[in-house]
Amino acid sequence: MVRRRLVLSASLATVAVAMAVLCALFVSTTLRAQSSPGLDELLGSATETHRFSFFKYELTHLPNRWLTSAAGWLGEPDLDEDATLQRWFEERSEHHRKRAELLLERQLSSAASEMGLDTPLPLFGRVRVVWPPVDVDLSERLHVVAISPRDEVRMVRSVLLTSDVEREDFERIEAEVEAGGRWSAWVGSIGGVALYPASVVSSRDYLSTLQIMAHEWTHHYLGFYPLGLAYAQGSDMRTINETVADIVGDELGEVAAGAFAYESPDVDDEAQLRTEIRAATDPLLRQLRIDVDALLADGRIEEAERLMEATRLQLVELDRPFRRINQAFLAFRGGYGASPSSASPWGPRLIAFRNEHASLSDFLEAVRSIGTPNEADALLPR
């Protein structure tokens, strides 16, 4: 009976969190649509058969998540946690997914507690919990369509798409949005979305998987503070939110990954190769963003687009095969302040601010109260 009450209480808490996340996403979408008359209708037509449903996702995934918990799979006395995760990362079969989700959630929760990112319960200050509870779904890869004006790099709209979008759908949606010559569109897959449970793509690299999980959990956490609530209040607040989530996600995910004893030489080699490729190509992306902004400011749109395609082909030769680079691509990636595609000063300033704090929890506590760009400007070092 006690166990059932605990599961029920956790379920109700999860529903409350999910509704808060859905409201935030709805507000974000509404504000963007209002800022660009006619664009919502254009996107609705282009994405009609692939538009992601937030409510359908919640209704489908929330019950499954807590039924899994109630089943008590983590209580199996003969469950070899490292072996279970090893099988998941090597095979990624549906048979191992739910166990892997629960084990990874527990690892990330333990790491969050270890790093002081847990929260005291009201009226029970000595009892600390990780809030919101870490909750993740590894079952599907979602997609996004991002929209920017052609004459500047600025994301005016983004819409989530379902997991069944194919390559020909990418190109069709982009072509429909761009037909009038006003907009630049980019469609691509995304590693994670801060739904509840968070939708996360699991790679063979468990470190990357845990870092994405930690990134999305940070968005859940910030949703209870001014910073997260201000996510939709313009590009500055989006960039600040995403950069904070990157900083926390990278550090927290690394600590969580340290609890996993399994090591794969092949995966480690692949990760090292990806790191080397990015080190060689990030400067090209960074310079491209600078040059494109300058060309667009002079009204030289076609020249900027030719430069983006030429740089893309150069990156393909360097084993970084981007399908398409345009204004919308740079706008979407530029929302992450630490990205080489970003022209925002918030990334370097937030990284410098993190370095001023002895612990990640101190950093997160300091930035979570930011509600406006002016407040961020007053708090962060120049």
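These notes cover a small part of a predicted model: one sheet, a helix lying across it, and two nonpolar cores.

1. The sheet. Three strands make up an open sheet in the order β3-β8-β7, and the pairing is mixed. Strands of a sheet pair through backbone hydrogen bonds, in a parallel or an antiparallel sense.

2. Its edges. β3 (136-137) and β7 (192-193) each have a single partner strand, so one side of each is left without a neighbour in the sheet.

3. The β7 and β8 pair. β8 covers residues 198-200 and pairs with β7 in the antiparallel sense, over two bridges. Within this part of the sheet, V193 stands opposite S199 of β8.

4. The helix across the sheet. Helix α7, residues 206-222, lies across β3, β7 and β8. The angle between α7 and β8 is about 160°.

5. The largest nonpolar core. This core has 45 residues, and V244, L252 and V367 touch the most other members. The elements giving two or more residues to this core are α4 (81-91), α5 (94-114), β8, α7, α9 (235-257), α13 (346-355) and α14 (360-367). The most comes from α9, with eight residues. Nonpolar side chains in soluble globular proteins tend to be buried together.

6. Contacts of V367. Which residues is V367 in contact with, leaving aside its neighbours within four places in sequence? They are L227, V244, L350, F353 and L379. V244 and V367 are thus in contact, and both are among the residues that touch the most other members of the core.

7. A separate core. Apart from the largest core lies another, of 28 residues, including L142, V144, L288 and I325.

How values were computed
Residues numbered from 1 in each chain as written. Predicted model: local features only at pLDDT ≥ 70, side-chain atom pairs only at ≥ 80, totals over all residues. Heavy atoms only, no water. Pairing = 2+ DSSP bridges. Helix = DSSP H or I, 4+ residues; strand = E, 2+ residues; numbered from the N terminus. Contact = heavy atoms within 4.5 Å. Axes fitted to C-alpha atoms, helices over the stretch in contact; angles between N-to-C directions. Core = buried A, V, L, I, M, F, W, Y, C linked by side-chain atoms within 4.5 Å. Buried < 20%, exposed > 50% of the residue type's maximum accessible area, 1.4 Å probe, protein only.
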